[in-house]
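Hi everyone, thanks for making time for this one. Have a look at the model on the screen, and I'll walk you through a few parts of it.

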Amino acid sequence: MTGTILIRGARVPQPDGTLSEPVDLHVARGRVAAITRSGDRPAVGQDVLEPDVRTLDAQGRVAMPGFVDAHTHAEAAVFEPDVQLAMLRQGITTVVTGQDGVSFAPTDRASYDWASTYFAAIDGTHPTFTGGSVGELLSTYHRTVPVNVAYLAPHGTLRYRVLGGAQRPASDEELAAMVGLLEQALDDGACGLSTGLEYVPAAYADERELVALAKAVAVRGLPHVSHMRGYEDRGVEALDELMRVARASGVATHVSHLHGPADELLASVGAARAGGHDVTYDSYPYLRGCSILSMVTLPTWLPLADAAATIDALRDPATAARLGEHFAGLTELWPRITFASVPGMEWAEGMTLPDVAARLGRSAPDTVAEVLTTTALRASCVFAQPPTNSPESVRALAGYEAHLTGSDAIYGGGRPHPRGWGAFARLLDEHVRHGSWTWWDAAEHLSARAARRFALADRGEIVPGGVADIALVDPDQVRDDATYEEPRTPASGIEDVLVGGVPVLAAGRLTGATPGRGLRPAAAGSAARTAG
């Protein structure tokens, strides 16, 4: 699609918290060429293509910079039209993938098979990529999807490629090999490093390993993004570990899906920032989480990186007593679990663990073992967080200056978490319509900070020369319509979205256009480069 698009009569957030008077956005060659008072022509010499002008009437809607989902598991799901609609109906134009230390690249055959199996319930199955470099993965998104995809180099995948599932610290030689793989991944376009320290095999890494890897991203000005070793009552302790890594490496730190007692967590984040550390975090506006069942319920002394060995262990009477001791400490957890994806036992999706146990006539621990063995560890669940993750804490975390938004969307299964369909719309509803954010604040929380964090140049603002990733938001209608019972319901209030100046959502429907790209971080002082 070529030519100029004239977005007529939009209102743009201003730094003072107000919305502009109606303006016209002149979009040409994928960028915002000019912003004029509505009805005025651009000044002479401004880079606007006059022929083939198409007009989109904003009718007073708020023109927002396309939102950047800072934490999502969409590297495979982004090819699915219903997921594309879920993103665009929230105004999301860029997603950051490769999260929690496990994903598809850089891989050889063995590490790809492991990653795609271990995180099958989280990352899904990529339709064309079967292993290879980060650059090769990024190229699969070039002009094939309607949104942009950025990618973090996943520590767990690097570790498995070098050490397999070894439950020990890395040797000097192994660590050097991991650093080499990471540096190549960064050369190929990764926008940082992700660690998933409650998942295997990253759970076996010591701080020496984390520091060595963090140094490799620090020298490039890119972040260490971490699913910490614990949240809720363990959150402050886990943050302390990341700060020790930051002090030793000089790396910027970004915490994934931060949740828990806001007073304690924000005190720790604030102290780190006051001490000169570059610390940010993302969060989503829900009181329930979602992950693979094995991480939520099983101890890391099991060989979790090897599904077959773990299943054998679950069936082995020799481990029964030790597992019984572990499961005895999870009694309070069982009622909080609802099954999201259970391949081969789809009837259980949407049911709580106690209800499934009652149907099977088994105890909760035996039901967990049955589900995990039946699905080869591919089951996922939604789970209510402890009371420390209160509505007040969720709101306080979302309001802090170091916050940016990540849905942590997992799109598979018969009853997924609704956050992939509504997190951004919910934040607009709760914090702009009924809260304390201005529209400028919303642009910071939902777009600009993430663009800066991951060095996605020329995104996050609507300014002349910026990339024309634009969402038109109806301030009176925007809301999250997804529920835990009906999670796949698209949000309301955003019906027109442009990516790179190309309409990808019009009147609430996909246009079929696929201008998305695999985004690479910008070098210092340069414009963002793209894959392909």
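Let's start with a question: which residue in strand 12 does Pro-223 stand opposite? The answer is Ala-252.

Before I go on, a word on the source: this is a predicted model, where local features need pLDDT of at least 70, side-chain atom pairs count only at pLDDT 80 or more, and totals for chains, interfaces and linings use all residues. Residues are numbered from 1 along each chain as its sequence is written, and side-chain values use heavy atoms, with hydrogens and water left out.

Back to our strands. Helices (H or I, at least four residues) and strands (E, at least two) are DSSP runs, numbered from the N terminus. Strand 11 covers residues 223-227, and 5 of its 5 residues are buried, where buried means under 20% relative accessible area with a 1.4 Å probe, protein chains only. In a regular strand, side chains alternate between the two faces of the sheet. Here, Pro-223, Val-225 and His-227 point one way, while His-224 and Ser-226 point the other.

Now the neighbours. Strands pair if DSSP finds at least two bridges between them. Strand 10 (residues 193-196) runs parallel to strand 11, joined by 4 bridges, and Gly-196 has His-227 as its bridge partner. Between these two strands the chain passes through helix 7 (residues 207-218), in a right-handed β-α-β crossover. Right-handed means that, with the strands pointing away from the viewer, the path from the first strand over the helix to the second runs clockwise. On to strand 12 (residues 252-255), which also pairs with strand 11 in the parallel sense, over 4 bridges. Strand 11, helix 8 (residues 235-249) and strand 12 make a right-handed β-α-β unit.

Next, the rings. There are 13 aromatic pairs in the structure; rings of Phe, Tyr and Trp (its six-membered ring) pair if their centres lie within 6.5 Å, and planes under 30 degrees apart count as stacked. Trp-114 and Tyr-160 are stacked because their ring centres are 4.5 Å apart and their planes are at 5°. Trp-114 is in helix 2 (residues 109-118) and Tyr-160 in helix 5 (residues 155-163), 46 residues apart. Trp-114 has 6% relative accessibility, so it counts as buried. Both belong to one aromatic cluster with Tyr-118, Phe-119 and Tyr-199.

Finally, the whole protein: 17 helices and 23 strands, with buried residues making up 61% of the 532 residues. Thanks, everyone!

Key:
Rings of Phe, Tyr and Trp (its six-membered ring) pair if their centres lie within 6.5 Å; planes under 30 degrees apart count as stacked, over 60 as edge-to-face and the rest as tilted. Buried means under 20% relative accessible area, exposed over 50%, partly exposed in between (1.4 Å probe, protein chains only).
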